[in-house]
Amino acid sequence: MNPVSWDESGATAVVMTDAEGIVTGWTEAAEKLLGYHADEVLHRSSAVFLEPGDRSARGDDWSGLVTARHRDDGPLLLHVRGVRLHTAEQHESRLLTLAADGPPVMEPILSRAPVAIGVWDTDLRCVWLNETARRLGDVLPHYRLGSRLEAGTPGFDAESIAEAMRRVLDDGTPVLDRECRWASEDESTEQTLSTSLYRLDGADGRPLGVCAMTLDTSRSRARDQLVMLGEASIRIGSTLDVMKTAQELAELAVPRLADYVTVDVSEHVLPDDEPLRRMDATEVSVPVFHRAGAASIHREFPESLWRRGEVVFVPPSSPFTAVLYSGRSHFEPVMDTSPSTWLDLDPDRAEVIHETGMHSLIIVPLQARGDIMGVAVFVRTENSAPFTKDDLNLAEMLVARAALSLDNARQYTRERTAALALQRDLLPRNLSGGGAVDLAWRYLPSDVIGTVGGDWYDVIPLGDGRVALVVGDVTGHGINAAATMGRLRTAVRTLSYQGLPPDEVLAFLDNMVVRLAEEDAGTGDAPLDTTGATCVYAVYDPVTRRCAMAGAGHPPPAIVHPSGEVRFARLPSGPPVGLGLGSYERVEVELTEGSLIALYTDGLVERRGADIDAGLRRLGATLAAPALPLDDLCARVIGTMVDDMPSEDDIALLIARTRTAPP
């Protein structure tokens, strides 16, 4: 956009004033320009025809824009040049020349333009506003004639606007589509305004001021679409849950895009559901989808034949199956409900269409990474406007975002399901403490995305009546962590059967994990997997009632006296196994008959932002009920420590109550 240049070569009005702004000279051209006869302005203040301000005191030679008042026609924007003169009597005077062409010619057109147009002079004083701009005075404080753009207006960022105008004045580069948001004090009204700024230059090339053109885009269709897409990036896919992601898409699109939206997914997206191929087809419909999401402007969902979670049947020749197999959207701005269409094969759906007034339809494939996972259906009923191509484009962009989130959720669900299954297979199903201890245990997978871990527990009866208790936690999450957990559990059992004391078991385990990592890395360029694990290993002898234990970077076991006193074993700090960093030490304690030993992983006592010592104190207080049945005590511990909060990490808990060996 080029700077606007006004021609000063046309008829020019000349006015003379004294130092106080009293008119002392008035030409015929001034009368023609402003409509005042000389008798009406001579010996009176120039405020008669000029907006008040300090324009007459800007130096010896100045040029700028002013708002003049025509005698009959109201405000008039003029280019004025002022020169300071000194008469023979040493009286100071000012000679003002007012341009008679340029903006005045355009004013009748611009004053009624639907776009707000305002002009600020080089001092950032508002000198002209059209009718639309004057109505913005309540929203934008600087849209007021004579006001100067200054900082300090409450709730209004005048400084950034002034800086933008100064840059335009300095280099002449326009500023386009500068967005401003305004809300009323009670937040009942909100406006979004888009402003473009450009410089006004005189014929001599000197800047005269800045013109601002402002458009209210609050109800702009394009803006609404951008806002909706922005919301989609935040609201859709907030969790890695297929059903929730589908519902988020449906709810976002109602009612701004459609009156009724469904999201139906294929069976491979919900692997835990009953396979559709095992369900019976009807004479006219086959089971194709599961309904994962649905939203409507009606609370009762009169448009829907199926609820969320139910199987959706469709005719083989319907547009739903066509979209599923072709991967192309179906766009039907005016639905064809006449006889001899596919609806003849689906009388139930045809009846709902007629009863609810469905008249416009879009079906978009849920497609990501080359896989079609289902369809999203957009319908209008009470909104009488048919869908447009713009609506189709918006629907496709929304669905594309949702499809990626659905695919991520599907992959996560599969990986989590596989990891949990592997975890269940590798953890012991039945534990026995022989004649040494009674047992209870719990395992609680994490509720947090991507955190299926490698926590494990085990009880290993030894040949001499003793029993080994172990709880561990593999570093990392997912299938690899679960697989590593299985290997470590097997290794611990093997080492236990050799009768090694706890510290030597951990030392051998540490060395073995390092060797396995080196073998897995091989001789190629694959990096060494330094996956480690924390662990507590304890051996209880019911004959001596002594318990020997050692730890590898793991939270300490809790020991509960039959009286209810709780203390945590002070184990020497050893590094996690698998790092090859050092040796381990064991401690021995004597346990009274009926004492409890509680081993657990850190997920039980650690919470983000909380001190682990606080978690240990809570655990100690919860365990101070040794007379409870062990299963009830396990349930009490889990219920108290986890409560209703999502578990941030896997939790393994093993509680043993000591017996005395028979004589």
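# Exercises on a predicted model

Leu633 is buried, with a relative accessible area of 0% (buried means under 20% relative accessible area, exposed over 50%, partly exposed in between, with a 1.4 Å probe and protein chains only). The model is predicted: local features need pLDDT of at least 70, side-chain atom pairs count only at pLDDT 80 or more, and totals for chains, interfaces and linings use all residues. Residues are numbered from 1 along each chain as its sequence is written, and side-chain values use heavy atoms, with hydrogens and water left out.

## Exercise 1: Leu633

Place Leu633 in its helix and list its contacts.

Solution.
- Step 1. Find the element. Leu633 lies in helix H14, residues 630–642. Helices (H or I, at least four residues) and strands (E, at least two) are DSSP runs, numbered from the N terminus.
- Step 2. List the contacts (heavy atoms within 4.5 Å). Not counting residues up to four places away in sequence, Leu633 touches Leu596, Thr622, Leu623, Ala625, Leu628 and Ile655.
- Step 3. Take one distance. Leu633 and Leu623 are 10 residues apart in sequence, and their C-alpha atoms are 7.3 Å apart in space.

## Exercise 2: the sheet of 5 strands

Work out the strand order of the open sheet that contains S26, then find what packs on this sheet.

Solution.
- Step 1. Write the order. The open sheet of 5 strands runs S18-S27-S26-S23-S24, with antiparallel pairing. Two strands pair if DSSP finds at least two bridges between them.
- Step 2. Mark the edges. They are strand S18 (437–444) and strand S24 (566–568), and each pairs on one side only.
- Step 3. Add the twist. Neighbouring strands of this sheet are turned by 20° against each other on average, direction ignored. Axes are lines fitted to C-alpha atoms, for helices over the stretch in contact, and angles run from 0 to 180 degrees between N-to-C directions.
- Step 4. Count bridges. S18 and S27 run antiparallel, joined by 8 bridges. Arg442 has Leu653 in S27 as its bridge partner. S26 and strand S27 (residues 651–658) pair antiparallel over 5 bridges. There, Tyr600 is partnered by Leu653. Strand S23 (residues 558–560) and S26 pair antiparallel over 3 bridges. Ala558 stands opposite Ala598 in S26.
- Step 5. Add the helices. Helix H13 (residues 612–623) lies across S23, S24, S26 and S27, at about 140° to S24. H14 also packs on the sheet: this helix touches S18, S26 and S27, and its direction makes about 30° with that of S18.

## Exercise 3: strand S26

Why is S26 largely enclosed by the rest of the structure?

Solution.
- Step 1. Sort the side chains. Leu596, Ala598 and Tyr600 point one way, while Ile597 and Leu599 point the other way.
- Step 2. Check burial. All of these residues are buried.
- Step 3. Conclude. S26 (residues 596–600) is largely enclosed because 5 of its 5 residues are buried.

## Exercise 4: Asp264 and the sheet of 6 strands

Is Asp264 buried or exposed, and which sheet surrounds its strand?

Solution.
- Step 1. Check burial. Asp264 counts as buried, at 3% relative accessibility.
- Step 2. Find the strand. Asp264 sits in strand S12.
- Step 3. Write the sheet. An open sheet of 6 strands has the order S14-S13-S12-S17-S16-S15, with antiparallel pairing. Its edge strands are S14 (311–314) and S15 (330–332).
- Step 4. Look at the pairing. Strand S12 (residues 260–265) and strand S13 (residues 286–296) pair antiparallel over 6 bridges. The bridge partner of Asp264 in S13 is Arg291.
- Step 5. List contacts. Leaving aside neighbours within four places in sequence, Asp264 is in contact with residues including Phe289, Arg291, Val312, Leu366 and Met373.
- Step 6. Add a helix. Helix H7 (residues 242–253) lies across S12, S13 and strand S17 (371–380), at about 55° to S13.

## Exercise 5: cysteines

How many disulfides are there?

Solution.
- Step 1. Apply the rule: a disulfide is a pair of cysteine sulfur atoms within 2.5 Å.
- Step 2. Count. There are 0 disulfides.
- Step 3. Check two cysteines. Cys211 counts as buried at 3% relative accessibility. Cys634 counts as buried at 0%.
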